[in-house]
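Work through the exercises below with the structure open beside you. Try each task before reading its solution.

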Amino acid sequence: MKERLDYMDRARGILIILMVIGHIWQSGFIFDTIYAFHMPAFFVISGMLMQHTRASEKPFGQLLKGKILSYGIPFLWIELLGVLTDILRHGVTLNVKGYLFNTLTFNFNDPNLWFLADLFLIEILVAGMVKLVKKPAVICGIAAVLFFARYVLPTQLLYVGTVSSVLKYLPLFLAGFYGHMYWKKVHAFVAVLCGGVVLGCVLLGSQIQAAGIFWDHLAYMLSGCCGTYVVLCMSQGIMPSALNRVMAYAGKNTIIIYGTHHICYAVLALLLGVTNFADTPLGVGMIILAGVMMLEIPTIYIINRWLPFLTGKRRK
């Protein structure tokens with residue numbers, strides 16, 4: 001049981017570091033490759049973790065209360081840091097009411113918070129369906145119908161809160177939740193083939209997009225699942241032991257890195273005079289990446305040592 005948790009920590013560590021890299025270089029082949037799979041992979045692995053912890057078996061009221069605390073507290077301080085980051089990069093562009101309005105309308109001041117909001121809603125939705133519907137095939141069928149409903153529902157409805165992205169990522173979460181036993185049995189040869197599929201989707205991206213949004217979304221799901229397989233393979237012993245430890249450490253502190261990396265690289269970018277992350281020079285980007293990682297080490301220590309409640313955990 002411990003080994004399974006270890007490799008999922010390493011997988012999350014790989015993904016969170018890829019996320020930081022993707023936020024530093026916001027265009028080009030590296031960016032396109034990372035964004036072809038890393039967010040779907042987060043949802044698949046989150047589904048695996050929910051199955052592992054058997055959270056869905058708890059009484060629904062107890063589960064809801066726990067999720068509100070574990071997601072709500074990080075949500076508040078990450079959104080506050082989002083405001084500070086926006087001020088650092090662009091100056092004061094809104095008054096207090098404006099920033100609050102962004103939060104209440106899900107137009108988050110920290111643009112990354114959509115993921116935390118989606119994950120909270122999806123976990124509650126899945127737990128509710130497990131309690132009420134029970135049958136996995138029916139639940140997966142409902143998720144498929146909801147996914148395809150995105151193409152016929154009014155646009156105004158889809159962009160209320162995070163409705164569109166919840167319907168988009170729900171099938172991926174369920175792929176991890178119900179398919180967890182298959183994801184952990186990885187083979188290097190299959191991982192190589194999956195890596196080829198991801199690269200193919202990236203290289204053919206413009207042609208796929210030209211075929212229409214439906215095919216673009218299906219290609220995204222395919223590359224997301226294939227990328228997840230590659231990451232899980234990497235996390236299960238093919239990396240050097242030192243790198244395994246680094247990734248496991250990052251994975252155990254995903255929420256802290258997720259919440260603080262934006263303000264770290266905003267400060268470094270300000271010092272280095274970087275204003276456009278869509279065209280970050282390689283050398284400058286490497287300096288920012290190294291600086292963010294160095295700043296994250298004391299940040300992780302301080303939060304875990306003195307402020308663990310910020311991660312939704314109780315102090316030991």
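## Exercise 1: an aromatic pair between two helices

Tyr258 is buried, with a relative accessible area of 5%, in this model, which is a predicted one.

Task: find out which aromatic pair Tyr258 forms with Phe115, and which parts of the sequence the pair ties together.

Solution. Begin with the number of such pairs in the model: the count comes to 19 aromatic pairs. In one of them, Phe115 and Tyr258 meet edge-to-face, with 6.0 Å from centre to centre and 65° between the planes; planes over 60 degrees apart count as edge-to-face. Next, place the two residues: Phe115 belongs to helix α6 (residues 113–132) and Tyr258 to helix α15 (residues 254–272), so the pair ties together parts that are 143 residues apart in sequence. Then check the burial of the partner, where Phe115, at 9% relative accessibility, counts as buried, because buried means under 20%. Finally, look at the wider setting, in which ring pairs link Phe115 and Tyr258 into a cluster with Phe42, Phe43, Trp114, Tyr169 and Tyr220.

## Exercise 2: the surroundings of Tyr151

Task: decide whether Tyr151 is buried, partly exposed or exposed, and describe what its ring meets in Phe147 and Arg150.

Solution. The relative accessible area of Tyr151 is 29%, and therefore this residue is partly exposed. Its ring forms an edge-to-face aromatic pair with Phe147, at 6.1 Å centre to centre and with 75° between the planes. Phe147, for its part, is buried, with a relative accessible area of 5%. The last step turns to Arg150, whose charged end sits over the ring of Tyr151, 5.7 Å from the centre of that ring.

## Exercise 3: helix α3 and the loop after it

Task: describe the span and the burial of α3, and then follow the chain to Ser56 and name the residues that Ser56 touches.

Solution. Helix α3 has 16 residues and reaches 22 Å from its first C-alpha to its last, which is close to the 22 Å expected at 1.5 Å a residue. Of these 16 residues, 15 are buried, so α3 is largely enclosed by the rest of the structure. After the helix comes Arg54, which has a positive phi, near 55°. Ser56 is placed in the loop between α3 (38–53) and α4 (60–90). With a relative accessible area of 5%, Ser56 is buried, and, leaving aside residues up to four places away in sequence, Ser56 touches Met50, Ala127, Val130, Lys131 and Phe177.

Notes: Residues are numbered from 1 along each chain as its sequence is written. This is a predicted model: local features need pLDDT of at least 70, side-chain atom pairs count only at pLDDT 80 or more; totals for chains, interfaces and linings use all residues. Side-chain values use heavy atoms; hydrogens and water are left out. Helices (H or I, at least four residues) and strands (E, at least two) are DSSP runs, numbered from the N terminus. Buried means under 20% relative accessible area, exposed over 50%, partly exposed in between (1.4 Å probe, protein chains only). Contact means heavy atoms within 4.5 Å. Rings of Phe, Tyr and Trp (its six-membered ring) pair if their centres lie within 6.5 Å; planes under 30 degrees apart count as stacked, over 60 as edge-to-face and the rest as tilted. A charge sits over a ring if NZ of Lys or CZ of Arg is within 6 Å of the ring centre and within 35 degrees of the ring normal. The expected span of a helix is 1.5 Å times one less than its number of residues.
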